Each structure stands twice: as structure tokens, then as C-alpha cells.
Amino acid sequence: MNHNLQEYADVIRYDEENKGTYELATILKMCKLSEGPVLDAATGTGRIAIPLAQEGYDVVGVDLHQGMLDHAAQKSAELNLDIAWQQADCEELPGDNKFQLVSMVGNAFQHFLTNDSQSRLLQSFHRVLKPGGICIFDTRFPLADEIFQPDELLVDHKYTCADGRVCEVAYQSSYDAVSQIQRYKTVRTYYVNDQMDSEDTTYIDLRYTFPQELVRLMDASGFELLHMWGGWKEQPLTGKSISIVIAARKR
């Protein structure tokens, strides 16, 4: 796994930039295919784990980043939700043959940069699932426009922080076609009353995986592929999709 956690150091910023539960409806549909507790892998600050618990599921949230888990625990405590937050590498998930479903959202699959790492991740999913249990996760589709971006820093968007500052977010990326890894540089510039207040730069590497690679990988990891959608609205996967969503059953 990619252990560069720079991008996730500021948990408040992470929550500000990662909102919504657009994946939840599909995950809940998959939950109905089996019974038992749910494990949310790479849970972050609990964006999906918390609403799953609010739906009445027994949830375990696992992440490598303790700061994320501490913030998630604070949020769930404020809602009086009993969620087990555990620090662990997703390649070594806790609880053999215990869970009805493993979810992993936010394109976290792209943090597993090598074939071996991807295989260990899916074998970990397989090990913790009950027979017939379901795993569901997403990853960005390797569109040419996505991976072959101009090698220059480009402003992508702006948003207003909780403290009132305006954050301008710019990205620069370079893609290695042999390793299928894209290196991202993110520069956030903060403004107060249109005057620059501070600037922060982070780096992260992400792996792109092609659809037929995923088909073979799921089979080799002991899963029956149920769905390969082109997004969380369960739309068909096409050459113009921006996301791949995998749902698979443990054999």
C-alpha cells in the first residue's frame, strides 16, 4: 500500500473536501444480499461507516491513519453510535470469516500500487468475509483525459473553509504508463479577504487499474464478480465512464 499519508494529515480539511454519501444506496442494496456485521475499509473519518451504523448495521471502521480514526470516533460519539474503530493496514484486516460485507470507497483501491499489494488487499477482504459475503469498492477509470493531463499546475476549484478562509486547490500530475501510477502534487492556497494567507503542498501516488485486470484479479482472489458498474448510480461501464465500481461475492 502507498503509506504516504500527507494528503490525510489534516482531518478537518479532509472532512471539508470529502462530503456526501452518494455511495450509500448501492452499499445498502448489497448489504441485503447477506447477513452480519459490516467492515468499512480505509474508513477515513467515517463518511460511510457512520451512516451505515445509523441504518442499524453493526459496523467496524478500519484505517491506517489514527488521526482519521480519532476524528471518526469523536463524530460517532456525538451521535451516540457504537462503532468499533480499529487501526490496521487494509492488507491485514481483523476478523476472519466474520463480516457480511466489506466496503471501500473514495477510490482507496488506488493506494495499492503493485500487483502484490492489490492481491493482498483482496485476499484480506476474502479472509474476513463470511462464505457468500460481498465486497464493494471503487476506483477511477483510466480515461486518457484522466491520466494524460498537462504536466503543469492547474487550478481545479475553490471552496470556503469552516474558518471562513477561501481555499484554492490546484493539481499537477505525471503518469508512468509502465507502472500505471500517477503522481499527484496538490497545492492549496488559502486567502483571507482576497489576500494570500498560507500555502500547503502535498504529494500522493495513485495506481490506475484497467477493467479486464480487475475481472481477472477478482477471480484470482476467490470472488464471483456480480457487477462492474460505471459509477455509484449503477450505470453501465463504458469507455466514457469516470469510475469503476466492483461488487463481488466470496466463493
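Let's start with one polar contact. The side chains of Thr209 and Gln118 are joined at 2.8 Å. Keep in mind that this is a predicted model.

Where is Thr209? It sits in a loop, after strand E9 (195-207) and before helix H7 (211-220). Is Thr209 buried or exposed? Its relative accessibility is 0%, so Thr209 counts as buried. Now look at what surrounds it. Set aside the neighbours within four places in sequence. Thr209 is then in contact with Phe109, Gln118, Pro142, Gln180, Leu214 and Ile244. Gln118 is thus on the contact list and is also the partner in the polar contact.

Next, another loop residue. Gly95 lies between strand E3 (84-87) and strand E4 (99-104). With a relative accessible area of 28%, Gly95 is partly exposed. The cut-off for buried is under 20%, and exposed means over 50%. What does Gly95 touch, once residues up to four places away in sequence are not counted? The answer is Arg127 and Val128. One more distance here. Gly95 and Leu39 are 56 residues apart along the chain, and their C-alpha atoms are separated by 9.5 Å.

Now helix H2, residues 24-31. Of its 8 residues, 6 are buried, so H2 is largely enclosed by the rest of the structure. Which ones are buried? They are Leu24, Thr26, Ile27, Leu28, Met30 and Cys31. And what covers them? The cover includes helix H3 (49-54). It also includes the strands E1 (38-41), E4, E5 (129-140), E10 (223-229) and E11 (243-250). You have met E4 already: it follows the Gly95 loop.

Let's step back to the whole chain. The protein chain has 7 helices and 11 strands. Its C-alpha trace spans about 55 × 45 × 30 Å along the principal axes. How does the radius of gyration fit? For 251 residues, a compact globule would come out near 18 Å; the chain has 18 Å, which agrees.

Burial first. Of the 251 residues, 51% count as buried. Then contacts. Take those with a separation of 6 or more: 66% of them are between residues 24 or more positions apart.

Now the surface. The accessible surface comes to about 11900 Å². Carbon and sulfur atoms hold 48% of that.

Last, charge. There are 23 positive and 37 negative side chains. How far apart are the centres of the two sets? They lie 6 Å apart.

Key: Residues numbered from 1 in each chain as written. Predicted model: local features only at pLDDT ≥ 70, side-chain atom pairs only at ≥ 80, totals over all residues. Heavy atoms only, no water. Helix = DSSP H or I, 4+ residues; strand = E, 2+ residues; numbered from the N terminus. Rg over C-alpha atoms; globule rule 2.2 N^0.38 Å. Buried < 20%, exposed > 50% of the residue type's maximum accessible area, 1.4 Å probe, protein only. Contact = heavy atoms within 4.5 Å. Areas by Shrake-Rupley, 256 points an atom, 1.4 Å probe, with all protein chains shown as cover. Lys, Arg positive; Asp, Glu negative; His and termini not counted. Charge placed at Lys NZ, Arg CZ, Asp CG, Glu CD. Polar contact = N/O pair within 3.5 Å; in protein donor to acceptor, adjacent residues only side chain to side chain.
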